[in-house]
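Hi everyone, thanks for coming. I'd like to walk you through one structure today, so have a look at it on the screen.

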Amino acid sequence: MRVEIADKRLEEISADIEIVFIIDKNFDHPWVKDKEELELLGFKGEQDEVLFLPSSRRVYVGTSLDSQDIRIATAKAIRALRGKKFKTAKAGVYIQNCPITNIKAFAEGAILGSYSFERYKSKKTEGGLETIYLANEEYSNKSFTLENAQKSIKEATILAEITNSVRDIVNTPPNEIYPETFAQMAKEVALEENLEIKILDENDLKQEGMEAFLAVGRASSNPPRLVHLTYKPKGEVKAKIAIVGKGLTYDSGGLNLKPSEHMVTMKLDKSGASSALGIVRAAKKLELPVEVHAILGLAENMVGGNAYKPDDILRAKNGKTIEVRNTDAEGRLVLADCLCYAQEKVNPDYLIDIATLTGASMIALGRYTMGVMGFNDELKEKFLKAGEASGELAATLPFNRFLPKLIESKVADVSNLASSRYGGAITAALFLGEFVENRDRWIHLDIAGPAYSEEEWGYNPVGATGAGVRIVVKWIQKEFVFKHHGEKNGS
Ligand code: BES
Ligand code: ZN
Ligand code: ZN
């Protein structure tokens, strides 16, 4: 699916179909040509309400001018055309304040909304839109330049296509993607994007003293891998950013085996690593002025005679000892070693980890919102803002002085299981904090909720969503790109 700007008025563009937004239930606009019919059919123009009028070749969808509303409404309109024979569509431009924000939102909504994962279906949905043309006309005759519109569409396309490729990785089943095949795929990405890549196998991990990481992957016949990808910008480097991703290609729970209903969908546990790969790729494609390191901790948490056990005590790369009290709290063990690795090898200005770390984050925030945690309030606030601008839902879960006591161990430096089941997303983050040296530069994103959806949700199809890519890229842009170009709202 492509979005293009056509240097023509809406009615001059020839296309199979027209997408018309009903803004704030206002039917009195020259683009709304079927007013009578819409009223007859009881169409109210509520947010995301879609009506397809085949005879007039128009799809109507209700929305406000808010960018997230536009993003979702566009996806809904595109979905209404799925499986039909129309190849081209056209639409006018709808601007709220900033001339480019909603053009981006439209393109993102179209490309994110057209995604579906059908690789394993013998019968695939046929047809589908190939190109959408945006006119050079705006809803209220606000002005914008074609050049800016083109740039916005290009950027949105890069971001949405990368998000879709992250969805592809996460959706791919665990019999196809395991640590070695994930690493191989990362290698292909590195080759394509001209990124540096280093792959550590189980022997390298031993050499590096990553006992916690190794323990998690030990019972699997698919050995673990650490992948380190690097993007270096051509010009000035404004910051070094390390992004550590949890890449459990499958999480059975290990000896603390998950019950059946919780095990199914656990291919999603590689979402953090998949998004980290997407982010470094986006950094390259968008030529962001920062050095980005993606560190992927890839392992499969399985059962077996040599499985790691509750009661084991493991030594992480930084020498800290960890008492294992639950083998299903494996992500924090992999991340502990990967965080140490990132700090030792990269010495980043910012250290971000992305992980489907805890079911508790979903209890706290619901399915759709990621948890933002860390010790630096200002940095957390910036991530919330980036979330808002990108359309990803994010909320902070606060640390306090009492919670660290819950992860104390009587026999080791720290326990991988908190002594209380309450606040599990926060105590998991505090565990990670034990492996972070410069706490002010660290952010932890728990994407367990938004990474995967068993129902269609907004512009997300069933399955993987690609959560984490857009919020992090937006934070980088706001912090290191827009500021220096004098853009006010950095959208
Ligand atoms: N991968 C899971 C977390 C998860 C659960 C992600 C549901 C997405 C959906 C993680 O490894 C896990 O099993 N966490 C346990 C921790 C507990 C044993 C302290 C959990 O959340 O129950
Ligand atoms: Zn687990
Ligand atoms: Zn897990």
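Let me start with a question: is D269 buried or exposed? Keep in mind that this is a predicted model. D269 has a relative accessible area of 1%, so it's buried, since anything under 20% counts as that. K246 goes the same way: its relative accessible area is 2%, so K246 is buried too.

So what do these two residues do in the model? Both hold on to a metal. The zinc ion (ligand 3) is coordinated by K246 through NZ, by D251 and D269 through OD, and by E330 through OE, with distances of 2.0 to 2.4 Å. Six donor atoms sit around this zinc ion, the angles among them run from 77 to 172°, and the site is octahedral. If you like reading along the sequence, the donor residues follow the spacing K-x4-D-x17-D-x60-E. And here K246 and D269 link distant parts of the chain: K246 is in strand β9, residues 240–251, while D269 is in the loop between α8 and α9, 23 residues apart.

Okay, on to the other metal. Which protein donors does the zinc ion (ligand 2) have? They are D251 (OD), D328 with both its O and its OD, and E330 (OE), lying 2.0 to 2.2 Å from the ion. This zinc ion also has six donor atoms, but the angles are 73 to 168°, and that makes the arrangement irregular. Its donor residues are spaced D-x76-D-x1-E. Again there's a link across the chain, with D251 in strand β9 and E330 in the loop between β12 and α10, 79 residues apart. Both D251 and E330 are buried.

How far apart are the two zinc ions? The answer is 3.2 Å, and D251 bridges them.

Last stop: ligand 1. It's surrounded by 17 residues, and the closest are K258, D269, D328, E330 and G359. You'll recognise some of those names from the metal sites: D269 is a donor to the zinc ion (ligand 3), and D328 is a donor to the zinc ion (ligand 2). The side chain of D328 has an N or O atom 2.8 Å from an oxygen of ligand 1, and for the side chain of K246 that distance to an oxygen of the ligand is 3.2 Å. T356 joins in with its backbone, where an N or O atom lies 3.4 Å from a nitrogen of ligand 1. Taken on its own, ligand 1 has 510 Å² of accessible area, and the protein covers 78% of that.

That's my tour, thanks for listening!

Note on methods
Residues are numbered from 1 along each chain as its sequence is written. Chains are lettered from A and ligands numbered from 1 in the order in which they are written. This is a predicted model: local features need pLDDT of at least 70, side-chain atom pairs count only at pLDDT 80 or more; totals for chains, interfaces and linings use all residues. Side-chain values use heavy atoms; hydrogens and water are left out. Donors are N, O and S atoms within 2.8 Å of the metal (3.2 Å for Na, K and Ca); water is not among the atoms, so sites may look incomplete. Four donors count as tetrahedral if all angles lie between 85 and 135 degrees; four count as square planar and six as octahedral if opposite donors are over 155 degrees apart and all others between 65 and 115; anything else is irregular. Helices (H or I, at least four residues) and strands (E, at least two) are DSSP runs, numbered from the N terminus. Buried means under 20% relative accessible area, exposed over 50%, partly exposed in between (1.4 Å probe, protein chains only). A residue is near a molecule or strand if one of its heavy atoms lies within 4 Å of it. A polar contact is a pair of N or O atoms within 3.5 Å; within protein, one must be able to donate a hydrogen and the other to accept it, and residues adjacent in sequence count only if both atoms are side-chain atoms. Accessible areas come from the Shrake-Rupley method with a 1.4 Å probe; for residues, only the protein chains shown count as cover.
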